Amino acid sequence: SMSRSGPAYQAGIRVGDVVTKMDDIGTPDMASFLTLLWSYDVGDQVQVEYMHNNEVLIATLELAERP
């Protein structure tokens, strides 16, 4: 699930999309993704590469505190 008011949704990322990189660092599995995500702070800007409908897209978003 995903909050419609969160930064990922606001940047265009949707449920079912697959994040492949953050700041050019690969995220091959959920453990890698979460470890990398948790290394950032609220307010940091992160460039996210993701797959949406078999298309590679890139978005920059500002991390927010989880509700």
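Biologist: Hello! Which residue stands opposite I25 in β2?
Modeller: Happy to help, and please keep in mind that this is a predicted model. Strand β1 covers residues 18–22 and runs antiparallel to β2, with two bridges joining them. The residue that stands opposite I25 is M22.

Biologist: In what order do the four strands lie in the open sheet?
Modeller: Strands of a sheet pair through backbone hydrogen bonds, either parallel or antiparallel. Here the pairing is antiparallel, and the four strands form an open sheet in the order β2-β1-β3-β4.

Biologist: Which strands stand at the edges, each with a single partner strand?
Modeller: Let's follow the order of the open sheet, β2-β1-β3-β4. A strand at the edge has a single partner, so one side of it is left without a neighbour in the sheet. The two edge strands are β2 (25–26) and β4 (55–62).

Biologist: Which strand supplies the largest share of the largest nonpolar core?
Modeller: That core has eleven residues, among them V19, M22, V46, V48, Y50, A59 and L61. At least two of its residues come from each of β1, β3 (45–52) and β4. The largest share is three residues, and the strand supplying them is β3.

Biologist: What does I13 touch, leaving out residues up to four places away in sequence?
Modeller: I13 is itself a member of the largest nonpolar core, as are V48, Y50 and L61. With those close in sequence left out, the residues I13 touches are M2, A8, V48, Y50 and L61.

Biologist: How far is the charged end of R14 from the centre of the ring of Y9?
Modeller: A charge counts as sitting over a ring within 6 Å of the ring centre, if the angle also fits. The charged end of R14 does sit over the ring of Y9, and its distance from the centre is 3.6 Å.

Key. Residues are numbered from 1 along each chain as its sequence is written. This is a predicted model: local features need pLDDT of at least 70, side-chain atom pairs count only at pLDDT 80 or more; totals for chains, interfaces and linings use all residues. Side-chain values use heavy atoms; hydrogens and water are left out. A charge sits over a ring if NZ of Lys or CZ of Arg is within 6 Å of the ring centre and within 35 degrees of the ring normal. Two strands pair if DSSP finds at least two bridges between them. A nonpolar core is a set of buried Ala, Val, Leu, Ile, Met, Phe, Trp, Tyr and Cys residues joined through side-chain atoms within 4.5 Å. Buried means under 20% relative accessible area, exposed over 50%, partly exposed in between (1.4 Å probe, protein chains only). Contact means heavy atoms within 4.5 Å.
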